[in-house]
Amino acid sequence: MKIFVLVKEVPDTYGDRKLNLETGLAERGAGDVVLDEITERALEVALSHAGKNEGTEVVAVAMAPGGSTASVRRALAIGAGSAVHIADEQLAGADLGLTAETLAAAIRRGAPDLVITGNLSTDGSGGVMAAMLAEHLGWAHATALTSVEITAEGITGTRGADAGAQPISASLPAVISITEALPDARFPNFKGIMAAKKKPLEVLTLDDLGVSADPGAAPRTIMTSVAEKPPRAAGVKIVDEGDAAEKLVDYLVQNRLV
């Protein structure tokens, strides 16, 4: 079995985030980016299965700038057997549509049996990539799984719901996304870090995948404006002089909160 795991480089949540007001893109400096934790958990799902099933091939797939090799290598250090790095200047600021089209092309090229991704990235927070990939590929998909079991025929799992849990199943090939309910990723040790330097890492461009980033070729999301968040204003303070309840109700009504 071949499993593709989508891994993503994102701004470090412990650092400050700032948008470039001209491009609308997040400004990223050296040391300010990390491999998204949820995609590391997705990688752990694949590696746990591979550890119990000899012959399982785990491939990390990233769409990231050319300078993101260290993040891709981290996925190899954690345990992926090989990696695919899609790097093309035309992908800077790519929206969900172009991202899904590009990743789907890489998936078709590699012909895996299963694709695993996180349910929600910490930067874009789109939460729709698994479904969009499945639509491009014509595969089954199962999203936001809180547990998952992988077999040679398909996957079974559980999705959390307001009233309990939903049992989910799908035959292969399939695309699934997992939540933070799944275990943390293993930490790369020294042996894994050294081994990562020798593992195959294929770099692809849009030309390699036959994908066009030209907005004239397919409709794309267009940014119309970007602005800094306004400074925090002082809140309204209500002093209880026997009429605090009335003032509170008036405030809620004026702000259409009730």
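Let's start with Trp-139, which sits in the loop between helix H4, residues 129–137, and strand E7. Please keep in mind that we are looking at a predicted model. What does Trp-139 touch, once we set aside residues up to four places away in sequence? The list is Ile-107, Pro-112, Val-115, Ala-134, Pro-173, Ala-174 and Val-175. If you want a sense of distance, try Lys-197: it is 58 residues along the chain from Trp-139, and their C-alpha atoms are separated by 33 Å.

One name on that contact list deserves a stop, and that is Ala-174. You will find Ala-174 in strand E10. Is Ala-174 buried or exposed? Its relative accessibility is 0%, and buried means under 20%, so Ala-174 counts as buried. Leaving out residues up to four places away in sequence, Ala-174 touches Asp-113, Leu-114, Val-115, Trp-139 and Ala-140. Now look across to Gly-235, 61 residues from Ala-174 along the chain; there the C-alpha atoms are 50 Å apart.

Leu-114 was among those neighbours of Ala-174, so let's go there next, citing the same contact from the other side. Beyond its neighbours within four places in sequence, Leu-114 is in contact with Lys-2, Ile-3, Phe-4, Ile-150, Ile-155, Leu-172, Ala-174 and Ile-176. That brings us to the core.

The largest nonpolar core has 36 residues, and those with the most contacts inside it are Leu-114, Ile-116 and Ile-155. Which parts of the chain supply at least two residues each to this core? There are two helices to point at, H1 (37–52) and H2 (69–78). The strands are E1 (2–6), E4 (57–63), E6 (114–118), E7 (140–150), E9 (164–171) and E10 (174–178). H1 gives the largest share of this core, with seven residues. There is also a second, separate core of 28 residues, and it includes Ala-106, Leu-204, Leu-206 and Val-211. As a general background point, nonpolar side chains tend to be buried together in soluble globular proteins.

Let's stay with H2 for a moment. Its buried residues include Ser-71, Val-72, Ala-75, Leu-76, Ala-77 and Ile-78. What follows H2? The answer is Gly-79, with a positive phi near 150°.

A little further on is Ser-82, which lies in strand E5, residues 82–86. With a relative accessibility of 14%, Ser-82 counts as buried, because the cut-off is under 20%. Not counting residues up to four places away in sequence, Ser-82 touches Glu-57, Val-58, Val-59, Ala-60, Leu-76 and Pro-200. You have just met Leu-76 as one of the buried residues in H2.

Now for some strand pairing, which is fun to trace with a finger on the screen. E7 and E8 pair in the antiparallel sense over five bridges. A hairpin of three residues links E7 to E8. Which residue in E8 is the bridge partner of Val-148? That partner is Gly-157.

Gly-157 also looks the other way, standing opposite Ile-168 in E9. E8, residues 154–161, runs antiparallel to E9, and eight bridges join them. Here the hairpin goes through two residues. If you would like another pair to find, Gly-154 has Ser-171 as its bridge partner in E9.

Let's zoom out to the whole chain. How many helices and strands does the protein chain have? It has seven helices and 11 strands. Along its principal axes, the C-alpha trace spans about 75 × 45 × 40 Å. Of the 258 residues, 38% count as buried. The accessible surface comes to about 15000 Å², and 52% of that belongs to carbon and sulfur atoms.

Contacts across the sequence are worth a look too. Taking contacts between residues at least 6 apart in sequence, 71% join residues at least 24 apart. Finally, the charges: there are 23 positive and 34 negative ones, and their mean positions are 5 Å apart.

Technical notes: Residues numbered from 1 in each chain as written. Predicted model: local features only at pLDDT ≥ 70, side-chain atom pairs only at ≥ 80, totals over all residues. Heavy atoms only, no water. Core = buried A, V, L, I, M, F, W, Y, C linked by side-chain atoms within 4.5 Å. Buried < 20%, exposed > 50% of the residue type's maximum accessible area, 1.4 Å probe, protein only. Helix = DSSP H or I, 4+ residues; strand = E, 2+ residues; numbered from the N terminus. Contact = heavy atoms within 4.5 Å. Pairing = 2+ DSSP bridges. Areas by Shrake-Rupley, 256 points an atom, 1.4 Å probe, with all protein chains shown as cover. Lys, Arg positive; Asp, Glu negative; His and termini not counted. Charge placed at Lys NZ, Arg CZ, Asp CG, Glu CD.
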